[in-house]
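Open the model in your viewer and keep the sequence panel beside it. This tour moves from the whole chain to single residues, then to a surface patch.

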Amino acid sequence: MAGALSQTPQFVGAIGVAGLAAIVTARSAALASTTTAKLATLGGLHAAVLTAGFVCIAGLLVALTLLRRATSR
């Protein structure tokens, strides 16, 4: 049980990195026809970082909501 609990963050992190890499690739490919390769890659990275930020903010809001419910009982 302890081994599974210690490896869970690694698996979740790997899924997150794969998802962000997919965002970078998709956005870079979409921008490739309209700009240079460097700017297309930068645009892909920008989209991935924004997505990661929004996911963090959503996680914070969910955590705050759940903590308020748990402490109000």
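Start with the whole chain. Of its 73 residues, 10% count as buried. Buried means under 20% relative accessible area, exposed means over 50%, and partly exposed lies in between (1.4 Å probe, protein chains only). The model is predicted: local features need pLDDT of at least 70, side-chain atom pairs count only at pLDDT 80 or more, and totals for chains, interfaces and linings use all residues. Residues are numbered from 1 along each chain as its sequence is written, and side-chain values use heavy atoms, with hydrogens and water left out.

Now switch to cartoon view. The chain has two helices and zero strands. Its radius of gyration is 17 Å, well over the 11 Å that the globule rule gives for 73 residues, so the chain is more spread out than a compact globule. That radius is taken over C-alpha atoms, and the rule is 2.2 Å times the number of residues to the power 0.38. Along its principal axes, the C-alpha trace spans about 55 × 30 × 10 Å. Helices here are DSSP runs (H or I, at least four residues), as are strands (E, at least two), numbered from the N terminus.

Turn on the surface. The chain exposes about 5800 Å², and carbon and sulfur atoms supply 75% of it. Accessible areas come from the Shrake-Rupley method with a 1.4 Å probe; for residues, only the protein chains shown count as cover.

Select Leu31. This residue sits in helix H1 (residues 2-31). Is Leu31 buried or exposed? Leu31 is buried, at a relative accessible area of 18%. Setting aside residues up to four places away in sequence, Leu31 touches Ala40, Gly43 and Gly44. Contact means heavy atoms within 4.5 Å.

Go next to Gly43, in helix H2. Gly43 is buried too, with a relative accessible area of 17%. Beyond its neighbours within four places in sequence, Gly43 contacts Arg27 and Leu31. C-alpha to C-alpha, Leu31 and Gly43 are 7.4 Å apart in space and 12 residues apart in sequence. Now measure from Gly43 to Ala4: 37 Å in space, 39 residues in sequence.

Finish at Leu50, in helix H2 (residues 37-72). Leu50 is partly exposed, at 42% relative accessible area. Add Phe54, Ile57 and Leu61 to the selection: with Leu50 they make a nonpolar surface patch of about 420 Å². Patches are made of residues with over 30% relative accessible area and no salt bridge; like charges are joined within 9 Å, nonpolar side chains (Val, Leu, Ile, Met, Phe, Trp, Tyr) within 5 Å. A salt bridge is a side-chain nitrogen of Lys or Arg within 4 Å of a carboxyl oxygen of Asp or Glu.
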